Amino acid sequence: MLGTDLQQEAERQIVICNACRYCEGICAVFPALQMQRSFVAGDIDYFANLCHDCGACYHDCQFSPPHEFAINLPKTLAGVRQESYGRYAWPAALAPVFARNGLVIAVIAALSVTAFLAGMIMWNAPGALFSAHTAPEGFYALMSHNAMVGLFGPVFLFSIFAMLMGLRNFWRDANAVRSVSGEAPASLWQAVKDAGSLRYLDGGGAGCFNEDDKPEDKRRLYHHLTFYGFLLCFAATSVGTIYHYGFGRMAPYAWWDLPQMLGTVGGFMLAAGTGGLMAAKKRRLPDLVDEGTKGMAMAFLLMLHLTAVTGLGLHILGGTPAMGLLLALHLGVVFALFLTMPYGKFVHGLYRFAALVRLAMAKRVGLKTKVAA
């Protein structure tokens, strides 16, 4: 049974697409839906998270509005995808709160933590917030490493656990509908390659569509910069943690040391990628935009962008009177990012990867069946 109006509308459109099959070469969605003749809720969520929202099928479709069939699969699946973030979120009670007020909550959380940290610095050392700090320990002179871990460790661990629970819920629902099995390592490796290369974000080769109806691949570039920039920043933090706890090497590190180099390169990539994606959203063809999906998507991109920008600012302006306020702002933004990650756009990466794994498994099962026949 299909539970929501959007899922039912998505099924209506998918049935028509399955009969037409004009767009089967565009992306992963159409070969996936053609493997089935009937659909339930888990299938619809699977297709929605498999969609990369390039918009090519809308432009190619002979049944798109104003045709009476009114096929607009990218917009419909975007709405279903947004619903799936809340449907599989853990704990479920928090999902609607973030869905309705995602951007507001993120901004308020960032500013509140910034104000709290700034006040704490001023309480412990009056005047320190706006003073130049050239001590060897850098910004740790304002807030110790242990204090940061104590403040941010719990919310980070909660965020990771909540996202893993959501991924488990998504996989259980999507995979149990059509139980597929195959060589797990091969399917996982195929999904890693497809996700890492953003194979299906090219509109079948033409690129993504924006408001001028001209396909271009800049969204793919911005996604790459965001994804790999984030990984480099995470690697920088991970290496710094190993240095600190494994070898007793305390931050700050020299510019040429691995944490600094990874963080700087990753920060510039992340800032450029998220900035490009936010600009691309404004240029998006209105026919493809589901207004209900914009809040948490923008909150996610904004928090990632501000994390990169404030982190770079802290790196460049460390030792100046701006360092204290930048530190409080950077940590406030990071806190808000951790807080909102399990309930918005961040989880689409996890669900999309799971959908790509299921697709790879289904293809392998289908290929074996054909060979056996």
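This report describes the internal cavities, two helix packings and several backbone features of the structure. The model is predicted.

**Cavities**

The structure contains two cavities of 30 Å³ or more. The largest cavity encloses about 120 Å³ of space. Its lining is formed by 15 residues, and those closest to its centre are Cys-17, Cys-23, Phe-30, Cys-61 and Ile-71. Helix 1 (5–20), helix 4 (56–60) and helix 5 (73–87) are the elements that each give two or more residues to this lining. The largest share, three residues, is supplied by helix 1. By class, the lining of the largest cavity comprises 13 nonpolar residues, one polar residue and one charged residue.

The second largest cavity has a volume of about 80 Å³. A set of 13 residues lines the second largest cavity, and Cys-27, Phe-30, Cys-51, Cys-57 and Pro-74 lie nearest its centre. Here the elements giving two or more residues are helix 2 (29–33) and helix 5. Helix 5 provides the largest share of this lining, three residues. The lining of the second largest cavity divides into ten nonpolar, two polar and one charged residues. Phe-30 is thus named among the residues closest to the centre of the largest cavity and also among those nearest the centre of the second largest cavity.

**Packing against helix 5**

Helix 5, which contributes to the lining of the largest cavity, also packs against helix 3 (residues 41–50) and meets helix 1. The geometry of the two pairs is set out below.

| Helix pair | Angle between axes | Axis distance |
|---|---|---|
| Helix 3 and helix 5 | about 110° | 8 Å apart |
| Helix 1 and helix 5 | roughly 140° | within 9 Å |

With axes at an angle of about 110°, helix 3 is roughly perpendicular to helix 5, because angles of 65 to 115 degrees are counted in that way. The crossing of helix 3 and helix 5 is left-handed. On the side of helix 3, the contact is made by Ile-44, Asp-45, Phe-47, Ala-48 and Asn-49, which meet Leu-77, Val-80, Arg-81, Ser-84, Tyr-85 and Arg-87 in helix 5. This contact has six nonpolar, two polar and three charged residues.

The axes of helix 1 and helix 5 cross at roughly 140°, and helix 1 is therefore oblique to helix 5. The crossing of helix 1 and helix 5 is also left-handed. Helix 1 brings Leu-6, Gln-7, Glu-9, Ala-10, Gln-13, Ile-14 and Cys-17 to the contact, where they meet Leu-73, Thr-76, Leu-77, Gly-79, Val-80, Glu-83 and Arg-87 in helix 5. The residues of this contact divide into seven nonpolar, four polar and three charged. Leu-77, Val-80 and Arg-87 of helix 5 appear in the contact with helix 3 and again in the contact with helix 1. Cys-17 belongs to the contact of helix 1 with helix 5 and is also one of the residues closest to the centre of the largest cavity.

**Backbone features in the loops**

Pro-65 and Pro-66 are joined by a cis peptide bond with an omega of about 15°. Pro-66 lies in the loop between helix 4 and helix 5. Another cis peptide bond, with an omega of about -15°, joins Trp-90 and Pro-91. Pro-91 is placed in the loop between helix 5 and helix 6 (95–124).

Asp-53 is not a glycine, yet it has a positive phi of about 60°. Asp-53 is located in the loop between helix 3 and helix 4.

Conventions. Residues numbered from 1 in each chain as written. Predicted model: local features only at pLDDT ≥ 70, side-chain atom pairs only at ≥ 80, totals over all residues. Heavy atoms only, no water. 1 Å grid on protein atoms, 1.4 Å probe; cavity = no way out; pocket = protein on both sides within 12 Å on 5 of 7 lines; lining within 4 Å. Points joined across faces, edges and corners; volume = space filled by probe spheres on them. Helix = DSSP H or I, 4+ residues; strand = E, 2+ residues; numbered from the N terminus. Nonpolar A, V, L, I, M, F, W, Y, C, P; charged D, E, K, R; others polar. Axes fitted to C-alpha atoms, helices over the stretch in contact; angles between N-to-C directions. Parallel < 35°, antiparallel > 145°, perpendicular 65-115°, else oblique. Left-handed = near helix turned anticlockwise from the far one by under 90°. Contact = heavy atoms within 4.5 Å.
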